Amino acid sequence: MTNEEEKNLEPIDLALRKVWQKILKMYNQTAMSYNMSFSHGMVLLSIDKEGTPSTQLGPRMGLEPTSLSRTLNSMEELGMITRTPDKKDKRVVFVKLTDKGVEYRRMARDEVRKYNEKLYQSIDNGELEVFMKVLNQIYDLTEY
């Protein structure tokens, strides 16, 4: 690759960030119409039917503990979730969906499916396979 070609390439991490920010804005705009946020939707989609220990939610979604705590507090106030200590180990807190949370989860899942269907219809399967392979390689090469 020549120096000129290299100058014209956008940094990969910047390209990923721009795309992710646009997706995030789209999901936040949609979530706002349901009086919730993108983070609420991510939590709703990450909770197992029988409940999930709160310590597992952050790593599943890439959220820091402080952000997760704020989101869970908000969701509890909105009546989407309950938090109950484990009977055997009081240090473990299970997050469970309320009936309202289950309904909001269904709406969040429908929105994610709609967007993914749009992508699958617009992008060739072979290109998507290569894209996912490259994303996984970037993930594997990224250290922190």
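## Salt bridges in helix 6

Arg106 and Glu103 are both placed in helix 6, 3 residues apart, or about one turn of the helix, where helices are DSSP runs (H or I, at least four residues) and strands are runs of E (at least two), numbered from the N terminus. This is a predicted model, in which local features need pLDDT of at least 70 and side-chain atom pairs count only at pLDDT 80 or more, while totals for chains, interfaces and linings use all residues. Residues are numbered from 1 along each chain as its sequence is written, and side-chain values use heavy atoms, with hydrogens and water left out.

The side chains of Arg106 and Glu103 form a salt bridge at 2.5 Å, N to O, the term denoting a side-chain nitrogen of Lys or Arg within 4 Å of a carboxyl oxygen of Asp or Glu. Glu111 and Lys114, also in helix 6 and 3 residues apart, meet in a salt bridge at 3.2 Å. Salt bridges with shared partners join Glu103, Arg106 and Asp110 into one network.

## A link between distant parts

Arg60 pairs with Asp48 in a salt bridge whose closest N and O atoms are 3.3 Å apart; this connects helix 4 with the loop between helix 3 and strand 1 (52-53), the two residues being 12 residues apart.

## Nonpolar core

The largest nonpolar core (buried Ala, Val, Leu, Ile, Met, Phe, Trp, Tyr and Cys residues joined through side-chain atoms within 4.5 Å; buried means under 20% relative accessible area, exposed over 50%, partly exposed in between, with a 1.4 Å probe and protein chains only) has 16 residues, including Met36, Val43 and Ile81.
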